[in-house]
Amino acid sequence: MIEPFAIAVPDAVLGDLADRLARTRWPDQLECVGWGDGVDRSYLESLVAYWRTRFDWRRHEAELNTLPQFRATVCGIGLHFVHVRGVGPSPMPIVLTPGWPSWFAELRAVIPLLTDPARYGGDPADAFDVVIPAIPGYPFSDKPTTRGWGVQRVADTWHALMTDVLGYARFGAHGSDWGASITARLAHAYPASVLGFHVTTASGGTPSVPYPGDRALSESERTRAAARAEWYEREGAYAHVQSTKPQTAGYALNDSPVGLAAEIVDRYRAWSDCGGDIARRFTPDEILCTVVAYWATQSITSSMRLYREYTCDPWTLAAGERIETPCGIASFPADTNPPIREWAKRFYNVVHFTSMPRGGHFPGFEEPELLAEDLRSFFRKVRC
């Protein structure tokens, strides 16, 4: 059922990409607005010039292929996943799920810190077997052809991958963005299998309006809800489009590599702890690796459909319902919705909470050491 996999983008795809980049038709931009209306043209022109003249996809492809990658058909769909065995007396299996617009490369720097902690000054007893599956519709997994591949079904598929395919009876789970929703659903649906779950947001799997629980909202909760509403008004256009008309947006993003790059750059800059200077957190190569992965697999449209799936069939906890599986939370201050402990405790059994000193929505890229240490610290509490 499991087949080894290596990334091998065809030369014809890369040649077509080069031709499209050379024929880019640039839009005009108002003077002196910079990033005020979206991605700054001068920045994007510079990135595309680097892309055309210096970026070496084949080098990055070879580096990515040093990680053990596989494909398997699980719950009726072809999944791509990374599976790295841990080095230690009893490595704990863990499934890691990044969100949108990301892929396993975001977690490359985290993998060795988890699989071989002793090599980096840590305790070998903290070692993990790391599994990173690609959400259906994301780079290198198959694209769903029918409606129904929302958070619930993806979580079911992760459970089947970990238990039926890989043979792990019990395991841990971590996720960010959509990965946090999938991870929470996994813990909720399969408490006998999930030892503990760790997330970077506490919004996944909860009602879209403030959940009353057994007490009124505190002042800090009201402040956080107001900040979230303000953020969504300022930055949430992408989510509304993808929740309603992902196919329409997909035509443009699937046809223009520069348009696709602009979309991903906008997310990286707005959601990271970069203070408006994207170069503080992401190298051009990190950005372009992600862009090429989505471009080569033509998966930007299929990846956006998860927003639409959630609109059509949202997963929410019922009033008074709580996930009792032990939960760890890492709250990164520049994330799109950094959780606060008292809100999360309304519906999660929070036994570990870390307010990070820095970092944003892409912790694997931005702060891999902080993320890895928090995962080790939390899962020490539940390994037994």
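I'll start with one contact: the side chain of Glu106 reaches the backbone nitrogen of Gly364 at 3.4 Å. That counts as a polar contact, a pair of N or O atoms within 3.5 Å, where within protein one must be able to donate a hydrogen and the other to accept it, and residues adjacent in sequence count only if both atoms are side-chain atoms.

This is a predicted model, in which local features need pLDDT of at least 70 and side-chain atom pairs pLDDT 80 or more, while totals for chains, interfaces and linings use all residues. Residues are numbered from 1 along each chain as its sequence is written, and side-chain values use heavy atoms, without hydrogens or water.

Back to Glu106. It sits in the loop between strand S4 (92–97) and helix H4 (110–115); helices (H or I, at least four residues) and strands (E, at least two) are DSSP runs, numbered from the N terminus. Glu106 is in contact (heavy atoms within 4.5 Å) with Pro98, Phe362, Pro363, Gly364 and Phe365, leaving aside neighbours within four places in sequence.

Next, helix H3, residues 57–64. Which of its residues are buried? Buried means under 20% relative accessible area, with a 1.4 Å probe and protein chains only. They are Trp57, His60, Glu61 and Leu64. Seen down the axis of H3, they fall within an arc of 105°, taken from the directions from the helix axis to the C-beta atoms, so they line one face of the helix. Their cover includes helix H1 (11–22), strand S2 (69–74) and helix H11 (284–297). At the start of H3, a side-chain oxygen of Asp56 comes within 3.2 Å of the backbone nitrogen of Arg58.

Last, Trp103. Among its contacts, beyond four places in sequence, are Trp57 and Leu64.

How values were computed:
Buried < 20%, exposed > 50% of the residue type's maximum accessible area, 1.4 Å probe, protein only.
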